[in-house]
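Ready for a few hands-on exercises? Keep the viewer open, try each task yourself, and then read through the solution.

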Amino acid sequence: MKKILIYTVGALLVVGNYGCKKFLNQVPDDRLTFDQMYEKKATVDRALANVYSTLPDQDQDRAPSVNGNIGPWTAASDEADYTLPNFSENVNTGAWDATSGQVNYHWQNFYRGIQAASSFMANVTKCTDCNLGGIDIVNRYYNEARALRAIYYYHLVRQYGPVVLLGNDPIASDAPLVEISKPRNSMDECIDYIVSELDATSARLPATPQASEDYGHITSSVADAYKIKALLTAARPLFNGNTDYAGLKNQDGKQLISQTASAAKWTRLATAAKAFLNNPNYSSYALYSVAATPAGLPNTAFNRAFIATRDVFLNGWNSEIIFGRGGDVTLYQYSLAPNHNGASGGDKGGSFLSPSQQLVDAFFTVNGLPIESDPAYTANGTSSYQAPDPNDQNATRAISNMFVNREPRFYADITYTGRKWINTSSNIITDFTNSGNAGKGAIANNDYTKTGYTSRKHLTVAGWTSGRTIFTTIRLAEIYLDYIEALQESNPSDPDILIYLNRIRTRAGIAPYGSGAGALPVPTDMRDAIRRERRVELAFELDRYFYTREWKIAETTDTQIKGLNIAQNAPGFYTPVVTENRVFQKKHYLWPIPNGEIQKVPVIVQNTGW
């Protein structure tokens, strides 16, 4: 595939914030250079790449808000903790506010992206050689930039709530302050604008990638997928009739978040998701599956489900991937790899990303049941059991019963004590107990897991030094989950709920719900069942932080992290303990508007509680 390279094209960036800092002051020669930038396709490609560069780089999850335009979404959720200190620790302890640099970082970066997109759109028509071969490159690039601008607004609103819509034209370098000092738009206005812009671009872009060089570019399906994500944010309780924000008004009294819950928002979402799933132009998308297992792993249904749920993230641009982004994966993968004492290369990592006991317990059993509902499950004692790892099928070892007979996604996502390391050419068995080869007592520094687990989702099977093609941003399973959540809230008797939920469960190798042979009874609390499925299916995909907030449950879910007792050897090691207490207050459902922005543009009101 052809990666979109990142260029710093100074003439396209806003130097500072959207409201008061202006484009680089340009003398006539600079303006000539700016114009020339858009004359030839080669430099237009670079300018477009600059617009793309604001997309969050998921592989920088380890260093939120420092680079890559990504926030502390994993380690500030109840999925995991990072051993390395970063901004997530400030979020988790409540030691952040409207003056924090990271708060300003994201606000400014996304507005820079918005301005870069508007500037590109205003100038791309100057290209003189962009229609070679009869392909309307100008039109396509224009609409890619337009979609990206809407996507950047989406990222802003899910972090900060209602924001300022700047309009469709780039801000002129000599615009007076009074013209660019705008109050916040309402949440409904923001969502309507995002949706209308994505609809407009979807009608003008190719449905799906037409060639290998199209991967990583915005297509119609990508625009439609982001529209679904925006409508989902708008329909959930945080922004749909949330009376906690009754006082969030502009200075003229304009209500920024609707105080009346609207079922129509769920219907609108369901309609958009169904249109995506029924679109014949998107028929090439399908849940990733495998017909056979690799050598050294018996070709059973369970093992095929394990390989499918593992390799959907490793097998490039496969049938399930709607959008993704390339980048440097080594730091992220190093965080996933245990710090195996005495190992080297791709077998010795940092043990930084530590999944919580809450997430471990969320995975279903092999019978497709929550652990608290399966009488066959026990957390006590050990059994001889072998996980579905290639070239490890003849080994027998005692592992905790917590890890015995769990669903395939558990084995695809979690590294636990007694598990063969993912590197297929390695014979290392990971041991996180205090004196084990990756345990706290055996490590000379602080590079050990805080919870007694590490994540292996997104990690290549050749160790952390081996690269991946992309980090997946949106895949078909997420559209399924968005659709069934919308149906559950708007039309709970719709049979599509079970159809699409069961497709996910069947691919995952666990029993579907229903009345057929081998099926489990339909859950009485389908909302809870859908949320459970989402938690497991989308673990470590930067989703959990936002949906606990959008569901308004973070005050319950985000107050502590549990893990195993890493200061002990077995059996004490297997006693779950609280590894971190966290601070979550109502104001934390939204990020504060940067204080500097409010000082410069006083018509912008602050979020509730900050």
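Let's start with Ser 351, which is buried, with a relative accessible area of 0%. Bear in mind that you're looking at a predicted model.

**Exercise 1. Find where Ser 351 lies, and work out what is odd about its phi.**

Step 1: go to the loop between helix 11 (330–336) and strand 3 (353–355); that's where Ser 351 lies.
Step 2: check the backbone. Ser 351 has a positive phi of about 55 degrees, although it is not a glycine.
Step 3: set that against the general trend. Most residues other than glycine have a negative phi.
Step 4: now try Phe 540, in the loop between helix 16 (526–537) and helix 17 (544–550). Phe 540 is not a glycine either, and has a positive phi of about 60 degrees. Its relative accessible area is 1%, so Phe 540 counts as buried.

**Exercise 2. Track down the cis peptide bond and say which residues it joins.**

Step 1: look at omega. Between Ala 570 and Pro 571 omega is about 5 degrees, and this peptide bond is cis.
Step 2: place it. Pro 571 sits in the loop between strand 11 and strand 12.
Step 3: meet another residue of that loop, which runs between strand 11 (560–563) and strand 12 (577–581): Asn 565. Asn 565 touches Gly 572, Phe 573, Thr 575 and Val 577, leaving out residues up to four places away in sequence.
Step 4: is Asn 565 buried or exposed, or something in between? With a relative accessible area of 22%, Asn 565 is partly exposed, because buried would mean under 20%.
Step 5: look further along the chain. Thr 433 is 132 residues away from Asn 565 in sequence, yet the two are 8.2 Å apart, C-alpha to C-alpha.

**Exercise 3. Count the disulfides and give the handedness of what you find.**

Step 1: the count comes to one disulfide.
Step 2: name the pair. Cys 127 and Cys 130 form it, with their sulfur atoms 1.9 Å apart.
Step 3: take the torsion about the S-S bond of Cys 127 and Cys 130, which is about 85 degrees, so the disulfide is right-handed.
Step 4: check the surroundings. Both Cys 127 and Cys 130 are buried.

**Exercise 4. Describe how helix 14 meets helix 15.**

Step 1: get the geometry. The axes of helix 14 (residues 476–490) and helix 15 (residues 496–507) come within 9 Å and cross at roughly 150 degrees.
Step 2: add the hand, which is left-handed for this crossing.
Step 3: pick out the contact residues. Among them are Tyr 480, Leu 481 and Ile 484 of helix 14, and Ile 497, Tyr 500 and Leu 501 of helix 15.
Step 4: sort the contact residues by type: 10 are nonpolar, one is polar and three are charged.

**Exercise 5. Which residues of the largest nonpolar core touch the most other members?**

Step 1: the core holds 179 residues, and the ones to pick are Phe 120, Tyr 153 and Phe 276.
Step 2: ask which helix gives the most to this core. That's helix 5 (residues 137–160), with 14 residues.
Step 3: look around Tyr 153. Leaving aside neighbours within four places in sequence, its contacts include Tyr 111, Ile 114, Val 163, Leu 165 and Tyr 193.
Step 4: relate this to the broader picture. In soluble globular proteins, nonpolar side chains tend to be buried together.

Technical notes. Residues numbered from 1 in each chain as written. Predicted model: local features only at pLDDT ≥ 70, side-chain atom pairs only at ≥ 80, totals over all residues. Heavy atoms only, no water. Axes fitted to C-alpha atoms, helices over the stretch in contact; angles between N-to-C directions. Helix = DSSP H or I, 4+ residues; strand = E, 2+ residues; numbered from the N terminus. Left-handed = near helix turned anticlockwise from the far one by under 90°. Contact = heavy atoms within 4.5 Å. Nonpolar A, V, L, I, M, F, W, Y, C, P; charged D, E, K, R; others polar. Core = buried A, V, L, I, M, F, W, Y, C linked by side-chain atoms within 4.5 Å. Buried < 20%, exposed > 50% of the residue type's maximum accessible area, 1.4 Å probe, protein only. Disulfide = S-S within 2.5 Å.
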